[in-house]
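Colleague: Before I use this model for anything, I would like a close look at one part of it, with its partners set out in order and then placed in the whole chain. Please take your time and keep the parts connected.

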Amino acid sequence: DVTAQGSWRPPVDIYETEEHDVVLKAELPDMTREDIVVTVEQNTLTLKGTRKLAADVKEERYRRIERAYGEFTRSFTLPSTVDTSRVAADYKNGVLTVKLPYREESRPRSVKVEVAAA
């Protein structure tokens, strides 16, 4: 049996931008936007999807399958500073990018210091 069916975990990178937004990038090659579901519920971001074997290649033709196929689910707890109503996702070149902007009140802001005349 050469199949690699079952659950798998796509690798992700999570980082904070200069603007203090959180960004999650997940490697999801050979998938379409329709294969991927992104949900945000109660400060939890969940990625789900299914990667299928190529339909134009019969399973008995494979000699080796090292990449994982099948369903995946990844969940991440979001900080309370994220504005879940403004989460945006984009899928390009096999990479899913989810932008999680901070709430305005959570963003650092500069305060002008006034100098009082003595």
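Modeller: Two strands count as paired here if DSSP finds at least two bridges between them. By that criterion strand 4 and strand 5 are a pair, since eight bridges join them and the two run antiparallel. This is a predicted model, and the part I have chosen to follow is strand 4, which spans residues 44-51.

On its pairing with strand 5 (70-77), one point of reference is arginine 51, which stands opposite glycine 70. Strand 4 is also joined to strand 3, residues 36-41, by six bridges, and this pairing is again antiparallel; here valine 37 of strand 3 faces lysine 48. The connection between strand 3 and strand 4 is a hairpin with two residues between the strands, in which glutamine 42 adopts a positive phi near 50°. In general, strands of a sheet pair through backbone hydrogen bonds, in either a parallel or an antiparallel manner.

Turning from the backbone to the side chains, the largest nonpolar core has 18 residues, and those that touch the most other members are Leu28, Leu45, Leu47 and Leu96. Strand 4 supplies at least two residues of this core, as do strand 2, strand 5 and strand 7 (95-100). Such an arrangement fits a broader tendency, in that nonpolar side chains of soluble globular proteins tend to be buried together. For leucine 28, once neighbours within four places in sequence are set aside, the contacts are Trp8, Pro10, Ile36, Phe72, Tyr91, Gly94 and Leu96.

Strand 2 and strand 7 also belong to an open sheet of four strands, ordered 1-2-7-6 with antiparallel pairing. Its edges are strand 1 (12-16) and strand 6 (88-92), each of which pairs on one side only, and the twist from one strand to the next averages 15°. Within this sheet, five bridges join strand 1 to strand 2, residues 22-27, and isoleucine 14 has leucine 24 as its bridge partner.

As for the whole protein, it has seven strands and zero helices. Of its 118 residues, 30% count as buried, and 54% of the contacts with a separation of 6 or more link residues 24 or more positions apart. The accessible surface comes to about 8,600 Å², with 46% of it belonging to carbon and sulfur atoms.

Note on methods:
Residues are numbered from 1 along each chain as its sequence is written. This is a predicted model: local features need pLDDT of at least 70, side-chain atom pairs count only at pLDDT 80 or more; totals for chains, interfaces and linings use all residues. Side-chain values use heavy atoms; hydrogens and water are left out. Axes are lines fitted to C-alpha atoms, for helices over the stretch in contact, and angles run from 0 to 180 degrees between N-to-C directions. Buried means under 20% relative accessible area, exposed over 50%, partly exposed in between (1.4 Å probe, protein chains only). Contact means heavy atoms within 4.5 Å. Accessible areas come from the Shrake-Rupley method with a 1.4 Å probe; for residues, only the protein chains shown count as cover. A nonpolar core is a set of buried Ala, Val, Leu, Ile, Met, Phe, Trp, Tyr and Cys residues joined through side-chain atoms within 4.5 Å.
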